[in-house]
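I opened a fresh page today to keep track of what I look up in this structure. Here are my notes, entry by entry, for anyone meeting it alongside me.

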Amino acid sequence: MKTTYAVVDIETTGTDPKKDRIIQFGCVLVEDNQIVGRFATDINPLQPISRQIQKLTHISNQRVKKAPLFEDVAVTIFNLLEETIFVAHNIHFDYHFLNHELERCGMPTLTIPGIDTVELAQIFLPTEISFRLGDLAESLGLEHDMPHQADSDAEVTADLLLSIEAIMKELPLVTLEKIAYLSSVTSRQTGDYIQNIFHERKKQTQRLSDTIEIIDGIALRKKDVPLFEEQQFDKKYPVTKKEKTTFYQEKLAYRKEQGKLMNVIYRHFTEGEQKNLLVEASTGMGKTIGYLLPAHFVATPEQPVIISTVSILLQQQLINQDIPLLNTILDQPIQATVIKSKSHYIDLQRFKATLNAPVQQKQYALYQMGILVWLTQTVTGDFDELNLVRLNHLLFQEIKHRGVEYLAPAQPLYQEDFLRHLYLQMKQSNVLIVNHALLAQETQRKEQLIPDSHCLIVDEAHHLPEIMEKVSQLFVDTASFQKKVEQFQIEGQLFDLITMMVDKDYETAHLFELYVEEIQAIMDVQEDIFSEWFGDKEPFEMKEEVMIIREQRDAVSLSCEKNIQRLLLYYEELLELQQRLTHTMKNLSQSWINRQRILFGELLSFFDEMARQYQLMDLWFNNWETNYVHFIHFYGNRKTVKLQLVDFDAAILPNTRWYERYQKILYVGGTMRVSGNRQYFAKKLGIPEAPLKVIPSTYDYAQQVQLFVPDEGVAIQELTSQEYAAYLSRTLTTLLEEVNQPVLVLFTSHDVLQQVYGRMHKIFLDNGREILAQGLGGSREKLLKRFMRSKNSILFGADSFWEGVDLPGDTLQLLIITRLPFENPKRAMVQARYAYLEEQGVNPFSQETLPKAALKLRQGLGRLIRSETDKGSMIILDRRIVSTKYGQKIARTLPKELELKEASVQEIKQAVIGFLEKK
């Protein structure tokens, strides 16, 4: 008897089956991998359909008036589904809702088996960015004409099922076997479906793909390390326009300003003794190719060019887009490798151990199954390929790499280890791509990761000072530390399990017993110190940052001082015990299997945490140099605290370990100066003598951009948060109700953003327009993706949305700045920085506050104009930019040809509509 899959989708008035109703039912029947039947009907819900649902589904109240009631089609639907296997994208919703409606009509409920295509996609399409049906359809190239229409959604879900089944049938049998074994955790009968496919495959003989190898029972994509072969070609750098045009072979277009940038960089790398060069090059001129081409002429595996960029996303863009494009014209292609910290990579030995001793938890098993599929595809083992928002799940903590030195060389997977492969690739690469955080961490790293070389390129260099300071910050939360240790000491948890693992080796067992006692002593002394030091002080707000100064440290009592010294001594003893335990347990670990190796890895992670804790405690109590700032946050009991240490000199490059490794350093970015202060960034980086070259912008701002400020406004600084949110809501509603283009609204406060969103989103949604808001609708990446797909969405953003967001062309045409982007002067961190600058003889407002705000405003403009064909309007809802001297100074940092016009809100709206609609 043939198996019939009934692929179902329903559209409803809402998500609660107790009060909401079905408005559309769609079903596609599949047999033998073919669609053999279709059924779809609108349904009258006998209740109004909200504007939001109408916009989403394009099903109107008028349309369903003539449709049958669910009672009229219930029998037809039940008979259609009887003796089929129910398939849905998120089966929990469709199956449950449909059963509730059948029961309401006096019909028997469905008891047929069910398959969830969401979970199938999570397993067999593990690298997808999103598992929403529309996103999967777009990624797989499945036709999806009418999203959120039941018949169209059912059709594309059927196509998705068939696509996934085809992938399953191409997988190595050993991979499918392991997935079938783990699949019992999946929803309804999804696991039975996987197991049936596996049993069918077992009956067939299938040759293993040439790209796959089976190592220790795991199917892996074969990987190789291509040797760098020096090609014999003319290495003459193309200086002139004619030479560049010939060199490009009509595959690249010649750009005048890009050509200037290339020549400046090539001369810096090959001429003179100047170590540092700062270059400002606007986005859109082809900056990346602009530095890659001259880098190519000086890069060798012995002296690779190191490129540091601001984010992992831009690292991937370099390796996947920019370098392949440039390589199309190069006789000697660039051989590049992306480098990330070791925790970004999977440890195959530890992953194998999780398969041998799996944790009985659904998400754990779903991730394991997805990774088994991914391992047949990846040649890097880089978790970022899985496109997960975060990697804090237990499985990833267990299988992330700790370093080659912790591998067992005798195990079969050692030869295939991804980190070993990365290090071999690095030796054959003439370009190495890192990010600023990884570069900054070189100062803290025990063993050097990024090699010495002649040339270092720091791309998006204006981010470097901030990232270096952030990387240098140290934190300890003694409450979280205590909670973790208490958890470890519970029966069946880490400390208890380690005790059992080592109980047959007397030396290790004794050392570990001493170790646990030392941890307890540290926790007790921590409590004694802070309860004695601050127990009788005025209560502090938990969320408030309290800065501790040298005088307070010097004034502690004698008994408190003794406890501080005792605490530091305990830490030193603890680190010695950790060293000895690591040595003895490494020897024992050669005979450990499965979960024991994972537990050892967890213990080593805790050892690292304790080493960092000692570093912080030692510096926090003893280092009172002026560049260090000490913060404390109190919990209610006054015994547990959060400690933070900030180094305001962290961005001074000559103080770092890595600065001296490079003979020539190029710092390039779109905003490397502020009006009247060309040395701003050079001074922040501790290299004030470094010259700055400015490559002229290619944009015609006078023709491409309108810039407005309302001629009437409010005194922002005199308003409460609620009054300010009310003002913004009124103004934004007036400005946006008739503008039908995508809009980005930038805020300086998350609290105000959320208040304005709360006042506006329902009104706009009822009128068929969605407001997306940072912190209220998924990750930054997901919000941007939804924004780019929409024709008229409004996006509220703060922080990271001011920069690093690429929205070219029609994606963004209206940018609204709600407030000049000054730092909050009431924050303890900002006050501490200002005090430090004053001590250095620097005026904080003119030398720090104003330049930062001006740069942020320029970066905001950079969201609007990203190419020579972009056009758009920018509105600043803060009259201080024209009414104050400091505001006028900020305005002067914007392009000179960009005229700032004052007008009423209504006039601005009409001007914007006219400008954006004009072709």
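Before the first entry, a word on naming: helices and strands are DSSP runs, a helix having at least four residues and a strand at least two, and they are numbered from the N terminus. I also keep in mind that this is a predicted model.

**Entry 1: His-344**

I started with a histidine. Where does His-344 lie? I found His-344 in the loop between strand 10 (336-338) and helix 14 (348-356). Next I asked whether His-344 is buried or exposed. Its relative accessible area is 18%, and buried means under 20%, so His-344 counts as buried.

Then I looked at its surroundings. The side chains of His-344 and Asp-384 are joined by a polar contact of 3.2 Å. Setting aside neighbours within four places in sequence, I listed Ile-312, Gly-381, Asp-382, Phe-383 and Asp-384 as the residues in contact with His-344.

**Entry 2: Thr-127**

Thr-127 also sits in a loop, this one between helix 5 (117-124) and helix 6 (133-140). I noted a relative accessibility of 29%, which makes Thr-127 partly exposed. Leaving out neighbours within four places in sequence, Thr-127 touches Trp-374, Gln-377, Glu-385, Leu-386 and Asn-387.

I also checked a distance along the way. Thr-127 and Thr-734 are 607 residues apart along the chain, and their C-alpha atoms are separated by 42 Å.

**Entry 3: Cysteines**

How many disulfides does the structure hold? I counted zero. A disulfide is a covalent bond between the sulfur atoms of two cysteines. Why does Cys-105 have no such bond? The closest cysteine sulfur, in Cys-27, is 18 Å from the sulfur of Cys-105, which is too far for a bond.

I looked up accessibility here too. Cys-105 is partly exposed at 23% relative accessible area, whereas Cys-560 is buried at 1%.

**Entry 4: Strand 11**

Is strand 11 (residues 431-435) enclosed or open to the outside? Five of its five residues are buried, so strand 11 is largely enclosed by the rest of the structure. Val-431, Ile-433 and Asn-435 point one way, Leu-432 and Val-434 the other, and all are buried.

I then looked for its partners. Strand 9 (residues 305-309) pairs with strand 11 in the parallel sense over five bridges, and Thr-309 has Asn-435 as its bridge partner. Strand 10, which I met in the first entry, also pairs in the parallel sense with strand 11, over three bridges. There, Ala-336 is bridged to Val-431.

**Entry 5: Two helices crossing**

I turned to helix 8 (residues 173-182) and helix 9 (residues 190-202). Their axes come within 9 Å and cross at roughly 150°, and the crossing is left-handed. From helix 8, Leu-173, Leu-176, Glu-177, Ile-179 and Ala-180 take part in the meeting. On the helix 9 side I noted Ile-194, Gln-195, Ile-197, Phe-198, Arg-201 and Lys-202.

**Entry 6: A sheet of four strands**

In what order do the strands of the antiparallel open sheet run? I wrote down 13-16-15-14, four strands in total. Strand 13 (474-477) and strand 14 (546-548) stand at the edges with a single partner strand each, so one side of each has no neighbour in the sheet. The twist from one strand to the next averages 25°.

Inside this sheet, strand 15 (residues 628-634) and strand 16 (residues 641-647) pair in the antiparallel sense over seven bridges. In that pair, Tyr-628 has Asp-647 as its bridge partner. Helix 20 (residues 478-488) packs on the sheet, touching strand 13 and strand 16, and makes about 55° with the direction of strand 13. Helix 22 (residues 506-534) packs there as well, touching strand 14, strand 15 and strand 16, at about 90° to strand 15.

**Entry 7: A sheet of seven strands**

My last look was at an open sheet of seven strands with parallel pairing, in the order 21-22-20-23-24-19-25. Its edge strands are strand 21 (771-773) and strand 25 (900-903), each pairing on one side only. On average, neighbouring strands here are turned by 20° against each other, direction ignored.

Strand 21 and strand 22 (residues 794-797) pair in the parallel sense over three bridges, with Ile-771 bridged to Ile-794. Helix 28 (residues 721-736) lies across strand 20 (743-746), strand 22, strand 23 (814-817) and strand 24 (872-876), and runs at about 165° to strand 23.

Methods. Residues are numbered from 1 along each chain as its sequence is written. This is a predicted model: local features need pLDDT of at least 70, side-chain atom pairs count only at pLDDT 80 or more; totals for chains, interfaces and linings use all residues. Side-chain values use heavy atoms; hydrogens and water are left out. Buried means under 20% relative accessible area, exposed over 50%, partly exposed in between (1.4 Å probe, protein chains only). A polar contact is a pair of N or O atoms within 3.5 Å; within protein, one must be able to donate a hydrogen and the other to accept it, and residues adjacent in sequence count only if both atoms are side-chain atoms. Contact means heavy atoms within 4.5 Å. A disulfide is a pair of cysteine sulfur atoms within 2.5 Å. Two strands pair if DSSP finds at least two bridges between them. Axes are lines fitted to C-alpha atoms, for helices over the stretch in contact, and angles run from 0 to 180 degrees between N-to-C directions. A crossing is left-handed if the near helix is turned anticlockwise from the far one by less than a right angle, and right-handed if clockwise.
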